[in-house]
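Notebook open, coffee poured. I want to go through this model piece by piece and jot down what I looked up.

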Amino acid sequence: MSKSVNKSIFYSLAAHGAPAVLALAIIPILVRQYGIERFGLLTLFWVFISYLNFLDLGIARTLTKTLATEDQHISSPALAVLKAGLIFVVALSAVGAFTVLGLKGLMLEKYLTISPSLFDEASQCVIGIALTVPALLLFSYYKSIVEGMRGFNVANTMQFWVSSANYLAPFVALIVSKRLDIAILVLLVLRWSLVVYGFIKVRHYLKKNWFAVTVDSKAIKTLYSAGIWFSLITVINPLLVFLDRFLVASFVPMDQMAFYTAPFEVVTRFWIIPMAVTRILFPVFSSYGGEWSPKVKRHFLSGLLWIAMALLPLVAILFVWGEEIFRLWLGKEFEGQSVLIMKILLVGIVFNCFNWVSFTFIQSSKHIKWTVLIPILELILFVAMFYPLVNAFGVEGAAIAWSGRLVIDAIIFGLLVVVITKSHGKADQ
């Protein structure tokens, strides 16, 4: 199994990395063709669509964990959980779509400053995004089944296309028009096409009459016993990641914000690496019931090795040639302060990327609650560190606080893994 897992991790890295390369090639074209304001609005819609994924409330992750212990033919209890999950996904899709439509006026009139000439386009875009919500959640539902059944080749293909869709849609739409609503329409078609593809790929895992399986209280309990923790994770983790920028904006002049956000955007791209690795490791860890064993240890160390091989050379390049890179990318004014901030942030990012393996193992185990409780405590610690450091060092202090939290986070979860492994060792004696 180790060879197949390593092969799947390699292709997962490719499936996550290739769209990033695609974005580097396509984004300059989009900027030139759509113009600054349309492109800025497009990037905002990208972020909005990405965050709408939290509406599944951890169902997809729970299904992957549930199916990871199944054979090629899914048992009736697991099918009941799948049916319950689909019912909830459809209901949440409807709620999400109508919520987006209900917020359309508030978004466009109160919170976004849009030129009158673009208002109609933006309005149509929001409608298109609302219709995309069911496609987002259904695709995530089908991909969770494929990953849970360890169909990693198919899952990697699905990941590549869904990650590429945001960039391909506006690029393809240029054939017809430079209007943003046409771009969102193409994205809508691509997203629903991926739902059809996902449905086709999961059919052979399911019995012909699988939807006739009765959903009982046990299936619902299975779905949400872990799902509640996964849903809390999807709310808390983004807050920890992005809170610093809101706090920095309240402390420093806006002309200093760019020196912080530019390196932040660079270093956080490294999250693609542990994301790709742990997407494979999560169902693998879950297939062993989240229990520590020699095989789990081998996969755990293999995950760390893959992250090290992909991450450390890139980090070294930024440390050595950071000033030259920033000067070529953003201009001479960014090569001083931004490079210093980047190096501070990189320390935290390196610790955090390795920590994804520990975090994922704990997510797969019965100790999942700690992946919520510990970040809540860290949020309090971060705010306590943030204010004095920013007062003393400005934006560099904000970087120290953010990076320091990630280092502390990695140490805590690393120690927690050690405690779990020792407890399992004693239980085996």
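Before anything else, a note on naming: helices here are DSSP runs of H or I with at least four residues, numbered from the N terminus. I also remind myself that this is a predicted model.

**Entry 1: serine 115**

With that numbering, I placed serine 115 in the loop between helix 5 (104-111) and helix 6. Is serine 115 buried, exposed or partly exposed? I got a relative accessibility of 26% for serine 115, so it counts as partly exposed, the class between under 20% (buried) and over 50% (exposed). Then I checked a contact across the chain: the C-alpha atoms of serine 115 and glutamate 37 are 8.5 Å apart, with their positions 78 residues apart along the sequence.

**Entry 2: helix 2**

Glutamate 37 took me to helix 2, residues 36-51. I tried the length check: 16 residues at 1.5 Å a residue should span 22 Å, and the end C-alpha atoms are 23 Å apart, so the two agree. Which residues of helix 2 are buried? My list reads Phe39, Leu41, Leu42, Phe45, Trp46 and Ile49. Looking down the axis of helix 2, I found these buried residues within an arc of 160°, so they line one face of the helix.

**Entry 3: helix 3**

I moved on to helix 3 (residues 59-67), which is mostly covered, with eight of its nine residues buried. The buried ones in helix 3 include Thr62, Thr64, Lys65 and Thr66, and Ile59, Ala60, Leu63 and Leu67 are on that list as well.

**Entry 4: aromatic pairs**

How many aromatic pairs are there? I count 14, taking ring centres within 6.5 Å as the cut-off. One of them joins tryptophan 46 and tyrosine 167: the centres are 5.1 Å apart and the planes sit at 75°, over the 60 degrees needed, so I logged the pair as edge-to-face. Tryptophan 46 is in helix 2 and tyrosine 167 in helix 7 (residues 152-173), so this pair ties together parts 121 residues apart in sequence. I looked up the accessibility of tryptophan 46 too: 10%, so buried.

Next I took tryptophan 271 with tryptophan 402, a tilted pair at 6.1 Å centre to centre and 50° between the planes. This pair also links distant parts of the chain, 131 residues apart: tryptophan 271 is in the loop between helix 10 (254-267) and helix 11 (272-287), and tryptophan 402 is in helix 15 (residues 395-428). Both partners come out buried: tryptophan 271 has a relative accessible area of 14%, and tryptophan 402 is at 0%.

I also noted a cluster in which ring pairs link Phe285, Trp292, Phe300 and Phe361.

**Entry 5: helix 8 and the loop after it**

Helix 8 got the same ruler. It has 23 residues and reaches 33 Å from first to last C-alpha, close to the 33 Å expected at 1.5 Å a residue. Its buried residues include Asp181 and Arg191, and among the others are Leu187, Leu194 and Gly198. Tyrosine 197 is in helix 8 too, but at 29% relative accessible area I have tyrosine 197 down as partly exposed. In space, tyrosine 197 is 8.8 Å from phenylalanine 139, C-alpha to C-alpha, while the sequence puts them 58 residues apart.

Past that helix, tyrosine 205 lies in the loop between helix 8 and helix 9 (217-249). Tyrosine 205 is at 8% relative accessibility, so buried. I paired tyrosine 205 with valine 146: 59 residues apart in sequence, 8.6 Å between C-alpha atoms.

**Entry 6: arginine 150**

What stands out in the backbone of arginine 150? Phi is positive, about 60°, although this residue is not a glycine. I found arginine 150 in the loop between helix 6 and helix 7, partly exposed at 28% relative accessible area.

**Entry 7: the second largest pocket**

Last lookup of the day: the second largest pocket holds about 180 Å³ of space. I listed 11 lining residues, with Phe199, Arg203, Leu206, Lys207 and Trp210 nearest the centre. Which helix gives the most to this lining? Helix 6 does, with three residues; helix 6 (116-148) and helix 8 (180-202) each supply at least two. By type, I sorted the lining into eight nonpolar, three charged and no polar residues.

Terms used. Residues are numbered from 1 along each chain as its sequence is written. This is a predicted model: local features need pLDDT of at least 70, side-chain atom pairs count only at pLDDT 80 or more; totals for chains, interfaces and linings use all residues. Side-chain values use heavy atoms; hydrogens and water are left out. On a 1 Å grid over the protein atoms alone, a cavity is a set of points where a 1.4 Å probe fits but cannot get out, and a pocket is an open set with protein on both sides within 12 Å along at least five of seven lines; lining residues have an atom within 4 Å of a point. Grid points are joined across faces, edges and corners, and a volume is the space filled by probe spheres set on the points. Ala, Val, Leu, Ile, Met, Phe, Trp, Tyr, Cys and Pro count as nonpolar, Asp, Glu, Lys and Arg as charged, and the others, Gly among them, as polar. The expected span of a helix is 1.5 Å times one less than its number of residues. Buried means under 20% relative accessible area, exposed over 50%, partly exposed in between (1.4 Å probe, protein chains only). The arc is that of the directions from the helix axis to the C-beta atoms. Rings of Phe, Tyr and Trp (its six-membered ring) pair if their centres lie within 6.5 Å; planes under 30 degrees apart count as stacked, over 60 as edge-to-face and the rest as tilted.
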